[in-house]
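Biologist: Could we go through this one together, question by question? I'd like to hear how you get to each answer.

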Amino acid sequence: KPLNKTVFINGIAQNRGQMNGMMQQFANMTQTEVVGLYNATEGWLKDAVQTVGDRLDLGDNPAVESLKNVILDQVRDNEPLRVVGYSQGSVIASRAIQDAKEVLMAEGMSQPDVEAKLRELLQVETFATAHSHYPDGPAYVHHMNKSDPITLFSFYALGENSPLVDPGDDAAVHWFNSGIFNHPHSINTYEKNHQRFEDLFKTES
């Protein structure tokens, strides 16, 4: 089925106005209609603590619960979905995918069947990911700037083959290097260096 829905999750300390602007940028990049799932901010410090909690699967995050339910609805309706996560938004995506997998398995699907269904229906595209691990199943593309300090936090600075990272089975990792003086964590920088998901993730023939 053709992809007609993209859900975007924003990062740390971003208000709704900033999110709306980024949604248009992602619509331009993905050439799809983008809807936002707002990751509400409580300021840099609390957001950073929440990000660590999400990485460790600790505490409650309403954005995780909302995205999990979106994923489950799409899978149950056999409808494709792309999830786009920026910075902390990518951590939320990873946690929501794992939660959705656990729900589907609790409902009686085997793990291989769940992962096959997610591969069929779910594309995940991350920018400046703040997470080191992604559940197997979906088709993943991770855009990483070697100059972005977030690569230290996510351990991707060690390379995607490091034992400390798991980008997801068959994931494509798109590296570029903007230079440290060119706003390395800015979404504008990622947009300038963006490559299409379809060109990066190669499906089996």
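Modeller: Sure, and one cut-off up front: a residue counts as buried under 20% relative accessible area, as exposed over 50%, and as partly exposed in between. Keep in mind that this is a predicted model.

Biologist: Let's use that cut-off right away. Is Arg119 buried, exposed or partly exposed?

Modeller: The relative accessibility of Arg119 is 27%. Buried needs a value under 20% and exposed one over 50%. That puts Arg119 in the class called partly exposed.

Biologist: Which residue does Arg119 meet in a salt bridge?

Modeller: Arg119 sits in helix H5, and its partner lies in the loop between H6 and S6, so the pair ties together parts that are 51 residues apart in sequence. That partner is itself partly exposed, at 46% relative accessible area. The N-to-O distance is 3.1 Å, and the residue on the other end is Asp170.

Biologist: Helix H5 has another pair, Lys117 and Glu120. How far apart are their closest N and O atoms?

Modeller: Both residues lie in H5 (residues 111–121), three residues apart, which is about one turn of the helix. Lys117 is partly exposed at 23%, while Glu120 is exposed at 52%. Their salt bridge has its closest N and O atoms at a separation of 3.1 Å.

Biologist: Now the sheet. In what order do the six strands run?

Modeller: It's an open sheet with parallel pairing. Strand S2 (34–37) and strand S6 (172–176) each have a single partner strand, so one side of each is left without a neighbour in the sheet and they go at the edges. The twist averages 20° from one strand to the next. Reading across, you get S2-S1-S3-S4-S5-S6.

Biologist: Take the S2 edge. Which residue in S2 is the bridge partner of Val7?

Modeller: Strand S1 covers residues 6–9, and it pairs with S2 in the parallel sense over four bridges. Pick Val7 and look across into S2: the bridge partner is Val35.

Biologist: And what angle does helix H1 make with S2?

Modeller: H1 (residues 16–30) lies across S1, S2, strand S3 (81–86) and strand S4 (122–127). Helix H4 (residues 88–106) packs on the sheet too, touching S1, S3, S4 and strand S5 (139–145), with its direction at about 135° to that of S3. For H1 against S2, the angle is about 140°.

Biologist: Moving inward, which residue in S4 stands opposite Tyr86?

Modeller: S3 and S4 pair in the parallel sense over six bridges. S4 is mostly covered, with five of its six residues buried. The one facing Tyr86 is Phe127.

Biologist: How many residues of S5 are buried?

Modeller: In a regular strand the side chains alternate between the two faces of the sheet, so it pays to check each face. On one side of S5, Ala139, Val141, His143 and Asn145 are buried, and on the other Tyr140, His142 and Met144 are buried as well. The strand is largely enclosed by the rest of the structure, because the count is seven of the seven.

Biologist: Which S6 residue stands opposite Asn145?

Modeller: S5 has S4 as a partner over five parallel bridges, with Thr126 opposite His142 as one of the matches there. S5 also pairs with S6, in the parallel sense over five bridges. Across from Asn145 in S6 you'll find Phe176.

Biologist: Back to charges. Which residue forms a salt bridge with Glu198?

Modeller: Glu198 is in helix H8 (residues 197–200) and its partner is in strand S3, 116 residues apart. Glu198 is partly exposed at 39%, whereas the partner is buried at 1%. Both belong to a network of salt bridges that also links Glu125, Arg196 and Asp199. With the closest N and O atoms 2.8 Å apart, the partner is Arg82.

Biologist: Last one, on the surface: what is the area of the nonpolar patch made by Phe155, Leu158 and Leu164?

Modeller: Leu158 is in the loop between helix H6 (150–153) and S6, and at 54% relative accessibility Leu158 counts as exposed. Together with Phe155 and Leu164, Leu158 makes a patch of about 270 Å².

Terms used
Residues are numbered from 1 along each chain as its sequence is written. This is a predicted model: local features need pLDDT of at least 70, side-chain atom pairs count only at pLDDT 80 or more; totals for chains, interfaces and linings use all residues. Side-chain values use heavy atoms; hydrogens and water are left out. Two strands pair if DSSP finds at least two bridges between them. Helices (H or I, at least four residues) and strands (E, at least two) are DSSP runs, numbered from the N terminus. Axes are lines fitted to C-alpha atoms, for helices over the stretch in contact, and angles run from 0 to 180 degrees between N-to-C directions. Contact means heavy atoms within 4.5 Å. Buried means under 20% relative accessible area, exposed over 50%, partly exposed in between (1.4 Å probe, protein chains only). Patches are made of residues with over 30% relative accessible area and no salt bridge: like charges are joined within 9 Å, nonpolar side chains (Val, Leu, Ile, Met, Phe, Trp, Tyr) within 5 Å. Accessible areas come from the Shrake-Rupley method with a 1.4 Å probe; for residues, only the protein chains shown count as cover. A salt bridge is a side-chain nitrogen of Lys or Arg within 4 Å of a carboxyl oxygen of Asp or Glu.
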